[in-house]
Amino acid sequence: MARNEQLSLGAFIHPAGHHVAAWRHPDVAPDPLNIQQYIRIAQLAERACLDTLFIADSLAVFDSPVAHKMARSNYFEPVTLLATLSAVTQHIGLIATATTSYNQPYHIARQFASLDHLSGGRAGWNLVTSDAANEAANFNREQHFSHQERYLRAREFYRVVEGLWNSWEDDAFVYDKPGGEVYRPEKMHPLHHHGDYFRVRGPLNIARSPQGKPVVVQAGSSEDGKALAAATADVVFTAQPTLDKAKAFYRDVKQRLSLSGRTEDSLKIMPGVLLITGQSQSEAEEKYEQFQQLVEPDVGIALLGRMLGNFDLSGYPPDEPLPELPLSDSGQQSRQALLLALAAEENLTLAELGLRIAGGRGHRTLKGTPRQIADELQCWFEEYAADGFNIMVPHLPLGLEEVVLQVVPELQRRGLFRKQYQGNTLRSHLGLSVPAFSPSSARN
């Protein structure tokens, strides 16, 4: 069934690429601190009129005996990086990950409001609660927050940030030289927040965002994550392996919006999808197999343990089934459930499952011609399994070049994606309204 609107597309950028062995590929220059490469990637994505450039983050070096074999320990802080990229782009949205567990709300509110002003209204905050347990040791803690506490803290954290973003009315700053007045005092609204986790007076020391507030992205798919997304997010980033599961997730989250007084079109659901293109199906399969052959078994198993919820699986036989594991209290419970189901459905050994997720980490993987990939994306969009997609590629920049030069034009020919930007802000790209000013005083 055709939809009246067009789909949204983001480029999910990871140093070297999303495949765990990307850095070993002959077409990759593994230099994650090369700003010229990031500029090339950002401008490439913007030429294709993509909605967003999306950058993940972690606040710790990967904790594993094989970490030295994985390119996951050397990369830019994302807000700093996107501030730089805002100066060499004009339209594309700029989304950075920042955790509510190991930050303070005032810092986050200020950083993303600053990025929104620097970029002319293109900033987005990917709100996460941290699924890497070893981050705790870098922030004066012996143990990571429990799953429940992370989400309780995140809800209050968001309320404080949102309140700080409403510290000033849109016309508060007047810079009236003859009258000697910088701002109108009656248009300033201190927060005076006193909660279970935070005490924040405010106001924020930067004017209200060009977008009203930066776009908020939420990446959790557990029950707590879906509830948080329905209450706070403009975009949901999720891992969904099949069409039926994606449709069920879509319906679930959209139905929750009414509980928060929101409409279904106020939230975009954008699953991640790993794309490998070729002039034929066999060529795409061969490309992917090149990456798979570069994965050492212990690296795949280490990645699997991390994705399952910070488990050390190195002591288990690699050629036997996945051992029984408790529900993760420190990682992503939804991703753990997805991977356990995948192992059971395909009867995979530990090593096989590690290899299976080496590229997409549980996200759907599409290998084929541009037309075949466009068929799948169109199907998910028209079946209301997604409002768009966060595109992942195995390696950078060539993987993204193939997508924007081959897959995006195919979607444009079908009328599913724009050929030019219609606005200048991230909210306009996503078809999201600008929130009205709401005084932040005395929010508790």
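Start by selecting Lys 367, which counts as partly exposed because its relative accessibility is 26%, where partly exposed covers the range between buried (under 20% relative accessible area) and exposed (over 50%), with a 1.4 Å probe and protein chains only. The model in view is predicted, so local features need pLDDT of at least 70 and side-chain atom pairs count only at pLDDT 80 or more, while totals for chains, interfaces and linings use all residues. Residues are numbered from 1 along each chain as its sequence is written, and side-chain values use heavy atoms, with hydrogens and water left out.

Add Glu 285 to the selection: its side chain meets that of Lys 367 in a salt bridge, at 3.5 Å from N to O, a salt bridge being a side-chain nitrogen of Lys or Arg within 4 Å of a carboxyl oxygen of Asp or Glu. This pair links distant parts of the chain, with Glu 285 in helix 7 and Lys 367 in strand 12 (residues 364–368), 82 residues apart. Helices (H or I, at least four residues) and strands (E, at least two) are DSSP runs numbered from the N terminus. Glu 285 is also partly exposed, with a relative accessible area of 34%.

Next, select Glu 296 and Lys 69, which form a salt bridge whose closest N and O atoms are 2.9 Å apart. Glu 296 lies in the loop between helix 7 (281–292) and helix 8 (297–309), and Lys 69 in the loop between strand 2 and helix 2 (78–86), so the pair ties together parts that are 227 residues apart in sequence. Glu 296 is partly exposed at 30% relative accessibility, and Lys 69 is partly exposed at 26%.

Move on to Arg 356 and Glu 346, whose side chains meet in a salt bridge at 2.7 Å, N to O. Arg 356 belongs to helix 10 (residues 350–356) and Glu 346 to helix 9 (residues 333–346), 10 residues apart. Relative accessible areas of 37% for Arg 356 and 36% for Glu 346 make both partly exposed. Then select Arg 3, Glu 5, Lys 254 and Asp 387, which are joined into one network by salt bridges that share partners. The count for the structure comes to 29 salt bridges.

For the empty space, turn to the second largest pocket, which holds about 410 Å³. Helix 4 (147–165) and helix 5 (223–232) are the elements that give two or more residues to its lining. On a 1 Å grid over the protein atoms alone, a pocket is an open set of points with protein on both sides within 12 Å along at least five of seven lines, a cavity is a set where a 1.4 Å probe fits but cannot get out, and lining residues have an atom within 4 Å of a point. Of the 22 lining residues of this pocket, select Lys 213, Asp 234, Arg 262, Arg 427 and Pro 435, which lie nearest its centre.

Finally, look for the largest cavity, with a volume of about 60 Å³, in a structure that holds four cavities of 30 Å³ or more. A volume here is the space filled by probe spheres set on grid points, which are joined across faces, edges and corners. Its lining comprises Thr 52, Phe 54, Ile 95, Val 217, Val 235, Phe 237, Met 270, Asn 390 and Leu 430, and strand 2 (52–55) and strand 10 (235–238) each supply at least two of the lining residues.
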